[in-house]
Structures are given as structure tokens and as C-alpha cells.
Amino acid sequence: MNFRSLLAAALLCLSPAAHAGEEVVAVLSSAGGAYLEAFSAFQASYGAPVRYFDASKGKTNLPPGTKLVVTFGTRAAAQGYPPGVDQIYCMAPGFFLAPGAHSGKAIKISMRVSPARMLSKLIEIQPSLKRLRILWMSPAYTSFFEAYGEAGRALGLEIAVVKVAGPDQLPALLRTAIGRTDAIWLPPDPLLVSSDSLMILRQFAWNNSIPLYGTTKGMSREGACASVGVSFAESGASAAAAVRSLQAGESLPKIIFPEVTELTLNASSAKRCGLRFSPEILREAAYLFP
Amino acid sequence: MRYLAVLALSILFPAAAAAAPHALTEEEEFFSLERASLEEVLDIKTTVASRTGMKLRETPGLVTVITREEIQASGARSLVDVLSLVPEFEFGMDVQGNLGLGVRGNWANEGKVLLRWDGQIYNEILYSTIQFDRFPVDQIEEIQIIKGPGSAVYGGFAELAVIDIQTRTPKSLDGSSVYAAGGLGGSESSYAGYSFGKAGAGADFSAQAFWGASRRSGRRYTDFAGSSYSMEGNSDLRPKSLNLRAAAHNTSARLILDDFSMRQRDNVDGVVLSTGATTVRFPVLFAEIARSIKLPGAVTLEPRLSYMRSRPWYENDEHFPYDKRATRLTLGLTAFYRPSSRADYLAGGEYCHDDAEIGSLTSDAAAAYSGVRRDGAHYDNHAFFGQGAFDLDFAKVIAGVRYGRHSHYGGSLVPRVAVTRLWNDFNFKAIYSQAFRAPAIENIRLNPGIDPEKAVSTEFEAGYKASDTLFFSGNLFHTTIKRPIVFTVVNGEETYLNYDRTGTLGGGFGVKYKSKGLRADLNYLYQNTHFNRVDIYAVPGSGSYMLAFPRHKLTLNSSLPLAAGLSLNPSAVHVSKRYSYGGGGTLKVFGERTTVNLNLQLKGRPLARLTLNLGVRDIFNSNYSYLQPYDGGHAPLPAPARELFLKAVYEF
């Protein structure tokens, strides 16, 4: 057990409100890294101590009286929880709880921003953008790209959604995009996002001056011209807001797109792709990679 | 000495080289964990590129990967149990109770198979043999086997195969694991171990301790003269080891203390010792420090400094007193360069210094080096290697070469070329490679004029991914070994000679099925030889057979889920008839044998993080024996009989 979790546990034990029925608990796919970062932001935003469990140690047995579980990561989200327990799940890109698989409420905090906001931001970054190609691989994304098509039409954008059967198919698929697209967007698809895939995409983007856009800071660092997404901390904070809303009896949509977005830019990638960032975009960016 | 200073500086003081840490970022780790979770939840497989960008189906070799999950589910007691399920491998009897490995029907005992355990070479450097009974299977995370020559990258022990074993990483341990096992009947295998590992904040640490006690068999051994003894109490196998690893940022250090002893009464020539059993020991120490340095321009350097100290075949008795200390100091530097997704390169150099010191109890006959008694031996070896992989539109081409120069027997150059192609759900591989077996210290002592032997191998593989759950593969191979180094006795004197040639050809197929908890892995190999010129390997009157090895081998390893956390895991090995010598120079046929094992595994019950295994090895008591793959006068050594085996593993 590392120092941070030990401290959290100590605080939990000392706080008089700590175990107030333990109505809310959290389950992390792994007690470290990005999951812990998001949980820490959740804890800070929620304002009351919440006990967390580590799903990598095995199936979680929720304490008696738990009414709501907040899960961080796919492993934690997919575990299955007792009937009637509501579930808010975040940090699980490419995973969606099947309808009927969960008898309580199931609310997903997306790692993407809403389609309309994302596409508007891309147009702001690249005013000449008319045709956008979206690459994806996780099966669960199938039904969600319709929303991108609709949002794109409203903004005068032609959206092409391309399913990738495997990362090894990327080079061939990208070659077909030459002359047919103005930019490529990569959602936070764990089956597709890897350092090798990003290298292939970056090389293609640079060689053909077709900007690559992503959803996370890491994608910008690895060569995407820009990324419009949700930080790990914001995922946690949005989950906390959702918990408060549910506890207040409010009705929530099945998928929540966080309002606070994170914009990151890569200057050298943009230069290679012939992009010029406006002063407004530069001011708005949380990170600018050289 | 200068090499040592430069390498030590580059490992310990990264300012000497433009260092930029390349630990996995938090985000990379997040996506990696999410990918694994999603694959598990959705029951799909995606190929994740290896370190040099090559996927298993594109790797320039016929590769078998055995995972921890498969090893644990099979109920394997030892590495011998695990490797017996590889159709290209078959164990044979060497001397003094030690088993050696045959690869595709070729006797590969001395220096023809490389075994690495956490990067440390476990071939002892006096005779280049491996002691397969010493390894704790419960520490294993993954085994990668290259079933073919690997000298172009791995050097002079990798003539016919490479067995690369990784133990559990600190991250995968993430705490403690304690395990204990016991067997009734058969090998009466019992062992216990404790592993601890932790990773975080750019550093990690692990410690793995192991102790074991088993026997080769409880059956009776009878030599060619008719003398016999019960192997119960006379064939004890005693491994124990401590494996420590520490790493911070990009520097890692490892220390392994390992001691293994074998008790036996069949001695060197197979004749039962009248005075009782004797013990042979193989203590060894490994120490290594390595670093990964990322330079600008997609270049990564990996300098490495290793030290090994051993006392192999140590025997203190009146039969074969033997005490030689062998040490090896290795300095290595490997560079990786990946300028784009379509090309990557690796190149490197290695310097080894070997020393052999003679202990006082070694007999005079075993002590002479270079014509001067009891002087010991010292050798140096320089090696340079390089490999390039190019992703062309029609295929991926990998070309590599290694040049080594030994202070005694001179230089060896071995090239390797492979073409691999993925085409929708099909994959194809064609590989041509040369490899060599470096003469060991004792080979040179007994024949200073010995030359390295060289293998030339051609391999083909085709695979078809019928679905996400079903995969088929087939392969063909042709291996010729020129000037094989063979132990023999000339005018009553032991020596090693270079013979004309030997080798085998054949093919195999495999079917893999995996869906949710159900798994089945079926493999078959056929091999024969028409060009063996080593008479002591041959079967008189059956020119296409090699002594001790079957023409056909079929293996099955499977897992059937019965209930939540409960699975039944059958495995089986079938070998066709084998030949070996009986008493008086007569040839004997050993009929086909089928060994069937069953293991029941229960995970998470009655305690979370507890795994229980209850298994029966060799359910039908196949009466299997290890045969000697050369005409060496050793009678077949009985393998263990049926055994009831229980194991518990608890993680916390």
C-alpha cells in the first residue's frame, strides 16, 4: 500500500462523517497512475471522504448500505455490482454498460467533449476544415458516431467514420485518405491508441500535410496538431458533480460530456501540416508542445 | 579495462551520454491498462507491437509463447513439465542424472540451446549444459521460445533454439505471493517460495526466493550389466535460489544466487555405483547492471555489465572428483534506432572474458589445460551484431548478421534473413539462417583443435486466423549441422571431435482455440533425417531415425471452465516409437507412449487471491523413460510415475 492510499485510509478512519453508512464508494481499476489522479480530483470536488477499492486485487465486495458506486476505468466498471446500486463510471473509453446489464442507474462520464463542441473547436483551429475522417476500433463506438455526422452536417462538415480492424491496417487505410480528407481525428480508443499507432498517424500527417487531432495531452505530445478532450482530473470532478446531482434527486443523461475541456497544441506538428494557430487558440491552450 | 570504465560510466553517470528518461508515461500506462481490460471484457485480441515493432505473427522466427496463466493452469511442477508440451522439444538422458534437450530430433544438450532466465544465461560455460530441474515455475511470467537458430542476435549457444524466460515483474507482483506444493508418488515434488515486488514513482524492486526438493523418479534403474537400484532416495533434486531486482528510472540491477544439486547412482558411464549415490552441484551467482538511455533522434542505447561466477558439475567423491570455478565477465552495448514506422534497426557489440580455475580436488585427468597441468584457462570473445527490419509494401524483411571472434578458435560469421507477410487473416514467414555452436571450455581442453559447428536452417510457416477465437498454423523446417561437435572416446581417452554432418527435416501444425474461459492448444511435429553422418546418433537399419527421439509428437494443453473460478485443465503428450541401445550393443525399440495429466484449479475460493491446484500427473502411468540420444552406454533412465500433486498460491 503506498503512502497516498495510507493517508487516505487514515483520514477516512479519523473523520466522523467518514463511514456515514458508506453510501458512496469508489472502485479504481488500479490504485495508481491516472485512476488515482482522477479519484483525487473526485475526492476534492465531492468534499467528503469516500473509501476506494482496488479492482486489480480482485472482485470488489461493496460494504453493506452502499447505494452508489463510482468506478474509474473499464476493469472497475465491468465488475458487476449488486442490484439497485447506482453506478457512475468514468475513465472507461470504449466501454459502455449494456442496457439492462445494470438494474440501478448507470451514468457514464465521457472522456470526449460533446460532438458539436469538439467539431466547432476543430474548425476554430483549422478554418479550412471541410472533410474530417474519424478512425475507431472499439465495437462500442459503433452507435455513437451518428451524432458526429449530425453535428458535422450542422457545421457544414463532411464526416467519414472509418472502422480499423487492427492497428496493422492503419498504413493501408491512411493511404486511401489522401486527397479525400482535410484532417483526421482519433477518439480515445484504447484498442487503437498506442505509441506505434500514433507514430504511424504522425508520419502520415507530416508527410501529407493532413493534420491529426486527438483527445488527450499525450496525443498532442506524440504528434497530434491539437487535442480537444477531458483531463483525468476533470473526469473525476465531473463524476463528483454527477454524484451530487443524483443524491439531490436530479435526472441525468446516460452519458455526460464534461463542460470543462482541455485544449493542447503541438507547434511543430502544426507547422509541418501547414497549420497556423490563432492568438485566441494559443491563449486558450492548456499546453503548447514545441 | 578501458571497456569496463566506459561502460560503467555510461551506466552510472548518464550525463556522459545525452540521457532522457523513457519510462512509460501515466497516459501510456492508462491506455495500456484500458486496452487490456477492454480485450478481456470484449474477449478480443489485438496485437501490441513488441519492443522492436514486431508482432508475434511477423517475428522472424517460429515462436512459441507460453504464458503464466497456461503454466499455472497446467499444474506443471517444473520447467521439464512445461517444455515437454512443446512438440519440437524432447528430453533425453545425458550423464549423471542430468537431462538434456533434443530440438526437432537433434541432440542439443551441450551449447545448442540457449536458456535465459531474466536475461541471465543459464548454460554453464564448462560444457554448455543446462540443468532444467532447477527453475521455479511459479516465478515465471512468460516463456518465449524461438524454435530455430538464434545466433545472429543471441550468439554461440543459440544454434538450434532460444528459451527466453521472464519472471514476474515488480509491477505484476504488486505485493507478496507465497506458494507451496507437495506431491505424492512420482517425483514427490515439494517446494515453497515467496515473492515480493513493488513499483511506483519511476522505481521498482522485487525479491523472489525458492526452495525445492524432489526426485528424478521412484522407479528402478537397471544398467546394461543388470545391476540396479531404486531411484527412491538416490535421485534427489535440490534447487534453491534468490532473485533480486532493483530499478530506478532507467537503470536496473539484478542479483541471482542459485544452487542446485542432483543425487544419482548411474554416474558418467551409466554403470550403477556400488558404493551408493553421489551428489553433483551447480552453484552459480549472477550480477548485472544495465541502463536504457534515450537519445535524440529515436535512438535508444542499452549498455550492460554482467558477472557470472559458477562451480558447475562440482563433485567431491572418489568416483569423479571435479571442482572447477568458471567465471564470465560480459560487457555489452546495444543500440536501437527507429526512424519511422517502416524501419527499425538494432546493432551492438559484446565482449566476454571467461576464466576457469582448477580446484585442488579435481583429478589430474580432468585438470590439464593447454598441456600444462592445473593451469586453468582464459578466453576472450568479441562479438558484433546488427539487424534491420523494413516494412515494404509487399512484405516485411528482416536481415541480421553476427560476427564473433574467439581468442582460441577464431571468427564465426552467421547471417539471417526473414520475410514475413500479413495478408488479411493469413500470415506467412520464410526464414533462412545460419547459427553456430561455440566450443566450450572443456571441449577445448579435451581437443584444442576443435572448431565451432555451424547450422544452416530453412523454415516456413503459414498461419490463418479463422476468427478471434481460432487460429491455425503449419510449418516446415530443414536443419543441417556441419562439423557437429560430438563427445567420444578414442583409444580410451575422452575427447570431442568435429564429425561430418547431421540434421533433420520435417514439419508440424498447430490449432489454437480460445473463447472466454475455454482454451485448447493442439500441436503436432514430424521429423526425420536422411543425412545424419554421426554414427553414434544413428539408428542402424533405420536411417531416417535419430536415437531417442520420436518421429511423431502430439501435444495438447487445454482448459475447461466448470464454474466461477473453477477449471479443469487436461494436458497430454503422445510420442511415437523411439530407439535406444540396450545391453551388449543391441538396439531396442521403445513403443509409443501417451502421458496424460489433469489439473483442477480453483481461484478465489475459499479466500480471495488464493489459488488451489489439485492434479494428477501421468494418470495412466505411461512408464516413460528418458533415453540417451547417442551410443554412450547409458541405460534408459526412468521418468517419474503417476503423481498426485497439490499446490496453493496466495497473493497479498
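Let's start with what is missing: between chain B and chain A there are zero salt bridges (a side-chain nitrogen of Lys or Arg within 4 Å of a carboxyl oxygen of Asp or Glu). Keep in mind that this is a predicted model, where local features need pLDDT of at least 70, side-chain atom pairs count only at pLDDT 80 or more, and totals for chains, interfaces and linings use all residues. Residues are numbered from 1 along each chain as its sequence is written, chains are lettered from A in the order in which they are written, and side-chain values use heavy atoms, with hydrogens and water left out.

So what does the interface of chain B and chain A have? Here are its computed values:

| Item | Value |
|---|---|
| Contact (heavy atoms within 4.5 Å) | 29 residues of chain B, 41 residues of chain A |
| Buried area (accessible area, 1.4 Å probe, lost on being put together, summed over both) | about 2700 Å², 59% on carbon and sulfur atoms |

Three residues, B:Phe30, B:Phe31 and B:Leu38, give 22% of the area that chain B buries against chain A, more than any other three. Helix 2 (26–42) of chain B brings the largest share of the side that touches chain A, 13 residues; helices here are DSSP runs of H or I, at least four residues, numbered from the N terminus.

Now over to helix 9 of chain A, residues 232–247. Its end C-alpha atoms are 23 Å apart, which agrees with the 22 Å that 16 residues should span at 1.5 Å a residue (1.5 Å times one less than the number of residues). Of those 16 residues, 12 are buried (under 20% relative accessible area, 1.4 Å probe, protein chains only), including A:Phe232 and A:Leu246. Just after this helix, A:Gly249 takes a positive phi of about 85 degrees.

Key. Buried area is the accessible area (1.4 Å probe) that two parts lose on being put together, summed over both. Helices (H or I, at least four residues) and strands (E, at least two) are DSSP runs, numbered from the N terminus. Buried means under 20% relative accessible area, exposed over 50%, partly exposed in between (1.4 Å probe, protein chains only).
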